[in-house]
Amino acid sequence: MIDVSTPSVARMYDYLIGGTDNYACDRAACAQLLEMAPSTRELALINRAFLVRAVRYLAQEKGVRRFLDHGSGLPTRPNVHQVARDIDPASRVVYIDNDPLVIAHGRVMLEEDLAKTAVIEADFRDTGEIFDTPEVQRLIADGEPVAALFVSVLHCIPDEGERPWQLVRDVAARLPSGSYMVISQLASDDPALRDEVTGFMADITGNRWGRVRSTAEVTRFFDDLELVGHTTIDEVSRWRPDTDLGPRQATQEWVEYGAVARVP
């Protein structure tokens with residue numbers, strides 16, 4: 001069942017990047033969020049463009065043909081499999097999400113492409129369960145390098161027990177050597193802004209939210225990984241920009257902070 005009375009992070013994101021798969025509660029929540037953080041719409045568009053550039057870079061320059069997209073969100077063109085297949089039509093992609101609307105739309109979109117693509121309904125924190133699914137075993141568990149994507153989703157995980165950082169370590173440990181991680185997360189070095197937005201998102205989503213983190217906390221996700229494509233962990237519009245025409249944040253109260261890194 002789709003709850004149209006409680007905002008969904010996936011549907012809010014869809015609205016911010018100009019999608020149509022959202023409801024009045026999502027749009028109202030975005031309006032409140034934009035009052036706290038006026039750059040949020042541009043930030044979402046910047047993050048989406050980073051995802052596309054990162055997937056294209058890994059497919060074109062690093063030869064990656066296997067992608068595992070954690071918290072994939074509502075289908076938005078171009079999606080991961082479309083970007084990867086512009087480079088090699090044999091590329092395989094597994095999408096993971098637990099939002100019922102995401103699952104429904106994703107499966108409809110991919111129903112004629114099940115040979116090389118799958119949508120798994122799961123909490124992306126359940127690493128063992130995900131890697132044991134028939135879809136992952138069939139599509140990406142063949143020893144070839146994999147790109148694991150955590151694009152603007154880790155802020156949905158609370159801190160308890162080091163859960164977000166341990167999740168990244170657990171996934172990296174299951175990937176073949178020479179695989180890659182693509183990570184971005186909402187970050188701010190303003191403690192008041194972090195607390196305000198974190199509290200707001202937790203309240204409107206019924207506590208299905210984690211925390212806006214500092215840039216130093218996001219940097220920890222890359223411990224023991226080797227940065228590629230860009231020399232530093234940074235605001236993601238600076239990661240291999242391919243145009244000067246993309247959206248720009250008028251204010252910098254928070255950013256999407258991240259990078260692409262190789263698993264040793």
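Which elements each supply at least two residues of the lining of the largest pocket? In this predicted model, they are α1 (9-16), α3 and β1. The following report describes the pocket, the cavity, the nonpolar cores and selected buried residues.

**Empty space**

The largest pocket holds about 1000 Å³ of space. Its lining comprises 50 residues, and those nearest its centre are S8, V9, A10, D97 and C156. Helix α1 provides the largest share of this lining, 7 residues. By residue class, the lining of the largest pocket divides into 25 nonpolar, 14 polar and 11 charged residues.

Enclosed space was also searched for, and 1 cavity of 30 Å³ or more was counted. The largest cavity has a volume of about 70 Å³. The residues that line this cavity are D69, S72, G73, L74, P75, N79, Y95, V102, G106, M109 and V119. Among the elements, α5 gives the most to the lining of the largest cavity, with 3 residues. The lining of the largest cavity consists of 6 nonpolar, 4 polar and 1 charged residues.

The two spaces are set side by side below.

| Space | Volume | Nonpolar lining residues | Polar lining residues | Charged lining residues |
|---|---|---|---|---|
| Largest pocket | about 1000 Å³ | 25 | 14 | 11 |
| Largest cavity | about 70 Å³ | 6 | 4 | 1 |

**Nonpolar cores**

In soluble globular proteins, nonpolar side chains tend to be buried together. In this model, the largest nonpolar core has 37 residues, and F150 and M181 touch the most other members. At least two residues of this core come from each of β2 (92-97), β3 (117-121), α6 (127-131), α7 (134-139), β4 (147-151), α8 (163-174), β5 (180-187) and β8 (255-262). Helix α8 contributes the largest share of the core, 5 residues.

Leaving aside residues up to four places away in sequence, M181 touches A148, F150, V168, V171, A172, L175, L225, A259, V260, A261 and V263. There is also a second, separate core of 28 residues, which includes V64, L110, V182 and W239.

**Helix α4 and its surroundings**

Helix α4 spans residues 80-87 and is mostly covered, with 6 of its 8 residues buried. These buried residues are V80, H81, Q82, V83, A84 and R85. They pack against α3 (40-61), β1 (66-70), β2, α5 (100-110), β3 and β4.

Which residue's side chain makes a polar contact with the side chain of R85? The partner is T117, and the distance is 2.5 Å. T117 belongs to strand β3 and counts as buried because its relative accessibility is 0%. Apart from residues up to four places away in sequence, T117 touches H81, R85, V93, Y95, L110 and L139. Two residues of α4, H81 and R85, are thus among the buried residues of that helix and among the contacts of T117.

**Residue H70 in strand β1**

H70 lies in strand β1. Is H70 buried or exposed? With a relative accessibility of 1%, H70 counts as buried, since the cut-off for this class is under 20%. A polar atom of the H70 side chain lies 3.4 Å from the backbone oxygen of L68.

The contacts of H70, not counting residues up to four places away in sequence, are I96, F124, A148, L149, F150, V153 and V171. A148, F150 and V171 also appear among the residues that M181 touches. The C-alpha atoms of H70 and C25 are separated by 25 Å, and these two residues are 45 residues apart along the chain.

Definitions and conventions: Residues numbered from 1 in each chain as written. Predicted model: local features only at pLDDT ≥ 70, side-chain atom pairs only at ≥ 80, totals over all residues. Heavy atoms only, no water. Core = buried A, V, L, I, M, F, W, Y, C linked by side-chain atoms within 4.5 Å. Buried < 20%, exposed > 50% of the residue type's maximum accessible area, 1.4 Å probe, protein only. Helix = DSSP H or I, 4+ residues; strand = E, 2+ residues; numbered from the N terminus. Contact = heavy atoms within 4.5 Å. Polar contact = N/O pair within 3.5 Å; in protein donor to acceptor, adjacent residues only side chain to side chain. 1 Å grid on protein atoms, 1.4 Å probe; cavity = no way out; pocket = protein on both sides within 12 Å on 5 of 7 lines; lining within 4 Å. Points joined across faces, edges and corners; volume = space filled by probe spheres on them. Nonpolar A, V, L, I, M, F, W, Y, C, P; charged D, E, K, R; others polar.
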